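Dear colleague,

Please find below the structure that I am handing over to you. My notes on what was found in it follow directly after.

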Amino acid sequence: MISGTPIRKSNCSNLLIYIPMKAYDEKHIKNIALVGGAKTGKTTLAETMLFEAGLLNRRGTIEDKNTISDYHDIEHERGNSVYATSLHTEWRDYKINIIDTPGLDDFIGEVISAVRVCDTAVMVLNAQHGVEVGSELIWSYVDEYKKPTIFVINQLDHEYANFQSTLDQARSQFGKHVTPMQYPINQGTGFNAIIDLLKMTMYRFPANGGKPEKVPIPAEETERANQLHNELVERAAENDEKLMELYFEKGNLDVDEMRIGIKKGMMNHDIFPVFCLSAKKDIGSGRLMGFIDNVAPSSIEMPCEKNINDEEILCNPSGPAVLFVFKTLIEPHLGKLTFFKVLSGEVAVGMELNNPATNVTERIGQLFIMDGKNRNPIDRLKTGDIGSTLKLKNTGTNHTLNGKGSDIKVKPIEFPLPRIRTSIIAKNKSDDEKLSETLSEIHMEDPTLIIEYDREMKQVLLLGQGELHLAVTKWRLEHVYKMEVEFNKPRIPYRETILKSANASYKHKKQSGGAGQFGEVYIKIEPIHNGNDGKPEWTVRDKEEVKLPWGGRLVFNNCITGGVIDSRFIPSIMKGVMDKMTEGPLTGSYVRDIAVSVYDGKMHPVDSNDISFKIAGMMAFKEAFHQAQPQLLEPIYDVEIEMPEALMGDVMSELQSRRSVITGMDSRGGYQVIKARTPLAELDKSSVSLRSITQGRAKIKSTFSEYLPVPPELQKKLTDEYRQEHEA
Ligand SMILES: Nc1nc2c(ncn2[C@@H]2O[C@H](COP(=O)(O)OP(=O)(O)OP(=O)(O)O)[C@@H](O)[C@H]2O)c(=O)[nH]1
Ligand SMILES: [Mg+2]
């Protein structure tokens with residue numbers, strides 16, 4: 001089972017103990033992700049698991065800011081996990097790789113990738129508060145990936161702990177398959193014992209937790225324990241025909257038979273076992289780890305990952321190496337750390353692996369098993385294991401690395417679309433380039449943080465999952481990368497057009513010594529839409545149609561007769577019009593959907609030139625525009641919000657208060673879907689309130705639809721603002 005025993009050289013934490021690092025085979029590796037709402041106790045549980053297994057000589061705490069998992073300064077400052085952290089523990093001949101994820105939904109991206117590569121999700125619930133917001137969103141990913149799931153009811157030592165109500169809530173939220181494997185005795189401040197329904201024994205813990213004493217179930221508990229045990233046996237039997245027959249024959253199943261049934265049930269998403277814990281008092285973690293060892297499936301027992309064509313790939317421990325990169329992390333003094341799961345074969349130091357996404361061969365110089373920031377070097381990692389390496393220049397999250405004989409691209413993790421955006425600038429102009437490089441680095445490690453350069457509005461936009469997500473990014477830029485940055489409201493790319501036709505003329509004349517300038521033009525402008533190109537009342541000698549890069553069209557008609565304007569000046573007039581169209585008269589926004597007909601004018605035999613007609617064209621256009629009932633247009637987005645039914649009313653009134661039009665309602669997999677059309681300006685404001693109304697329980701998707709007129713009072717406000725700014 002165990003091959004090779006390189007010595008672990010932990011990079012110096014006063015807490016971690018030096019013990020030989022073993023390489024485990026695929027049957028003895030269990031990958032779990034600790035997931036759940038904020039502050040349920042995931043990080044404390046991870047710390048306790050490492051301590052119980054003898055890998056730590058003392059436990060760190062959140063309060064003392066010294067847990068192995070929450071090692072980033074921002075996590076210490078906030079008292080929350082912000083990053084998913086890889087850890088491992090060894091428990092009775094098995095290695096358990098643990099990914100401790102953050103509970104706040106701002107960091108959902110970290111949760112999604114951890115859930116994707118784990119083989120069992122351990123959903124931690126807080127016995128004080130029951131099933132909290134945030135759990136639902138996480139569950140949607142656990143359920144989508146059909147990951148075997150264990151529920152841990154933690155904080156049973158808390159004075160307000162309520163096991164039964166938490167269990168009931170879990171059942172109503174996650175279904176009847178939520179099945180107790182244990183129940184607590186003396187929950188609350190005196191919590192000290194657990195009745196185990198699989199082994200039908202009671203574990204009694206010393207005052208400071210740790211190793212329990214096994215004692216018979218007390219007489220007053222036998223009835224409840226027997227009843228729950230029988231329910232568990234039935235649930236275990238339901239998952240296998242042979243077990244069912246055995247159960248009918250014997251009326252019971254032994255522990256090993258139950259383990260088989262429970263494992264099958266977990267793999268089919270038909271049983272979600274429930275465990276009792278106090279991570280803080282070190283009660284119950286050993287039994288949980290024992291269950292993960294003995295019952296939770298290993299990676300090789302689970303269906304293998306799929307490739308980009310949705311075909312299951314072959315996970316063969318003796319086949320070529322296939323590594324799936326699920327996370328990258330840039331540590332300022334270390335460089336890029338690449339986290340991967342070995343899906344097939346094994347990876348060893350010195351191997352060369354091909355990355356089909358970048359077509360680059362990467363050499364694996366070092367391999368590590370991670371415990372927070374501590375890197376434990378190892379020679380090789382086998383199928384099913386999770387590890388990390390350094391210095392892979394051309395490999396990022398969602399890439400696959402292949403050994404000789406393999407050319408697989410694993411189906412990428414789909415990260416959610418951003419829910420909120422801000423514009424960002426470096427306070428110091430000289431940091432501009434550094435800011436853009438740093439932001440793309442941060443995006444590489446956090447695909448849910450998106451950077452867009454908005455050429456039109458000349459602004460850099462930062463898009464993320466929530467205000468906290470963006471605030472943490474700002475904190476990092478300032479504290480880790482030492483750059484002062486400022487967030488601002490994103491500028492909206494309005495458009496300008498006209499609603500009726502108007503005529504105007506302009507004479508440009510300059511005669512101040514030297515060569516003079518002269519050009520005079522008469523134009524008519526008309527709105528155009530849907531194939532209607534306007535109706536000039538003159539003969540059109542030449543018609544030019546321009547598809548504008550910012551959307552919409554310009555139709556330019558040359559209706560000059562009798563040579564009043566020489567044809568070589570016509571392009572200059574058009575250029576003048578185009579120049580004004582890039583900086584519209586109302587708000588400086590792009591102008592669209594206008595037909596311009598030049599029908600008269602004058603030339604001067606000496607003073608007329610290109611520049612004169614360009615200016616005349618521009619000024620005549622500006623003049624006509626103001627008389628043509630100018631209209632400001634704004635971008636409208638199609639918005640889709642998926643949420644639990646209870647939130648429908650609140651979401652609807654929020655949308656309606658934001659100038660949105662509800663276009664449809666639907667239900668999808670137990671969730672309600674509202675479709676609406678919302679102006680972008682309102683969407684920026686409402687994404688913050690929508691998140692707070694839905695407490696992060698909604699999935700919001702928005703895509704650009706079209707430009708529509710803004711209401712008159714808003715148009716007045718925006719044009720007044722522009723005029724004042726301009727005059728200033
Ligand atoms: N009483 C009690 N408190 C606990 C227990 N487990 C954790 N806590 C406390 O709960 C708080 C949150 O614990 P964490 O371990 O940071 O919880 P978390 O789920 O990792 O939090 P996030 O990663 O921020 O979502 C800390 O103050 C812990 O000391 C427990 O079993 N009992
Ligand atoms: Mg945490």
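Lys214 counts as exposed, because its relative accessibility is 58% (buried means under 20% relative accessible area, exposed over 50%, and partly exposed in between, with a 1.4 Å probe and protein chains only). This is a predicted model, in which local features need pLDDT of at least 70 and side-chain atom pairs count only at pLDDT 80 or more, while totals for chains, interfaces and linings use all residues. Residues are numbered from 1 along each chain as its sequence is written, chains are lettered from A and ligands numbered from 1 in the order in which they are written, and side-chain values use heavy atoms, with hydrogens and water left out.

Overall description

The protein chain has 728 residues, of which 57% count as buried. Its secondary structure comes to 16 helices and 38 strands; helices (H or I, at least four residues) and strands (E, at least two) are DSSP runs, numbered from the N terminus. The C-alpha trace spans about 110 × 55 × 45 Å along its principal axes. For a sense of distance within the chain, Met578 and Lys65 are 61 Å apart in space, C-alpha to C-alpha, and 513 residues apart in sequence. Met578 belongs to helix H12 (residues 570–581) and is partly exposed, at a relative accessible area of 21%.

A positive surface patch

To return to Lys214, this residue is part of strand E12 (residues 213–215). Together with Arg92, Lys199 and Lys211, Lys214 forms a patch of positive charge on the surface. Patches are made of residues with over 30% relative accessible area and no salt bridge; like charges are joined within 9 Å, and nonpolar side chains (Val, Leu, Ile, Met, Phe, Trp, Tyr) within 5 Å. Lys and Arg count as positive and Asp and Glu as negative, with His and the chain ends not counted. The place of a charge is taken as NZ of Lys, CZ of Arg, CG of Asp or CD of Glu. Accessible areas come from the Shrake-Rupley method with a 1.4 Å probe, and for residues only the protein chains shown count as cover.

The magnesium site

The magnesium ion (ligand 2) has Thr43 (OG1) and Ser81 (OG) as its protein donors, which lie 2.0 Å from the ion. Thr43 is in helix H1 (residues 42–52) and Ser81 in the loop between helix H2 (73–78) and strand E4 (85–91), so the two donors tie together parts that are 38 residues apart in sequence. Both residues are covered: Thr43 is buried at 6% relative accessibility, and Ser81 is buried with a relative accessible area of 11%. Donors are N, O and S atoms within 2.8 Å of the metal (3.2 Å for Na, K and Ca); water is not among the atoms, so sites may look incomplete.

Salt bridges

Side chains of opposite charge can pair when their charged atoms come close. A salt bridge is a side-chain nitrogen of Lys or Arg within 4 Å of a carboxyl oxygen of Asp or Glu, and by this rule the count comes to 41 salt bridges.

One of them joins Lys411 to Asp310 (2.8 Å, N to O). This pair links distant parts of the chain, 101 residues apart: Lys411 is in the loop between strand E23 (400–402) and strand E24 (420–426), and Asp310 in the loop between helix H9 (285–294) and strand E14 (322–331). Lys411 is partly exposed at 32% relative accessibility, and Asp310 is partly exposed at 42%.

Another is formed by Lys717 and Glu721 (3.4 Å, N to O). Both residues lie in helix H16 (residues 712–727), four residues apart, about one turn of the helix. Lys717 is partly exposed, with a relative accessible area of 47%, as is Glu721, with 37%.

In addition, Asp533, Lys543, Glu545 and Arg553 are linked in a network of salt bridges.

Backbone angles

Two residues other than glycine have a positive phi: Lys482, near 55 degrees, and Asp593, near 60 degrees. Lys482 is in the loop between helix H11 (467–479) and strand E27 (485–488) and is exposed, at 62% relative accessibility. Asp593 is in the loop between strand E33 (590–591) and strand E34 (594–602), and is buried with a relative accessible area of 18%.

With kind regards
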